[in-house]
Amino acid sequence: MSDYKRATYDAYDDMIDECESVVTVGGITYPASLVWQRTDPIAYDVSMSDWLSELEANEEYCHVCDTFQWSVVYCDCPDAECGDE
Ligand SMILES: [Zn+2]
């Protein structure tokens, strides 16, 4: 799988943790994103790719520069590479 910026993983983890409950084991809670990534990294990666594709279709993410359009550092790829409009 591709490597993404730390910020991209963080955004994905935040999205998961907003949607999923924490996991409690032995009285200790773990973020769902961490549990998922550690127990089934392939499914985690596949889902992340799907999520990023969806965002890219909505022009909220650019895979060329691995940047979210809502992030502080705006994508500065030529329009041709980042999708028109
Ligand atoms: Zn870009």
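## A tour starting at α1

Select Ala11, Tyr12 and Ile16 in α1 to begin: these residues are buried. They sit on the same side of α1 because they cover an arc of only 135 degrees around its axis. Keep in mind as you go that this is a predicted model.

Now rotate the view to look at the face of α1 turned away from its buried side. Show side chains there and you will find the exposed residues Arg6, Asp10, Asp14 and Glu18.

Next, show the helix from end to end. α1 has 14 residues and reaches 20 Å from its first C-alpha to its last, close to the 20 Å expected at 1.5 Å a residue.

What covers the buried residues of α1? Color α2 (32–39), α3 and β4 (67–68), which are among the elements that do so.

From here, extend your selection to the largest nonpolar core. Its eight residues are Ala11, Tyr12, Ile16, Tyr44, Met48, Leu52, Tyr61 and Cys62. Two or more of these residues come from each of α1 (6–19), α3 (41–57) and β3 (61–62). In soluble globular proteins, nonpolar side chains tend to be buried together.

Finally, zoom out to the cartoon of the whole chain. Four helices and four strands make up the elements of the protein, and from the N terminus on you can trace them in the order α-β-β-α-α-β-β-α. Of its 85 residues, 12% count as buried. Switch on contacts if your viewer allows: among those in the protein with a separation of 6 or more, 20% link residues 24 or more positions apart.

Conventions. Residues numbered from 1 in each chain as written. Predicted model: local features only at pLDDT ≥ 70, side-chain atom pairs only at ≥ 80, totals over all residues. Core = buried A, V, L, I, M, F, W, Y, C linked by C-beta atoms within 7 Å. Buried ≥ 20, exposed ≤ 12 C-beta atoms within 10 Å, placed from the backbone. Contact = placed C-beta atoms within 7 Å. Expected span 1.5 Å × (residues − 1). Arc of directions from axis to C-beta.
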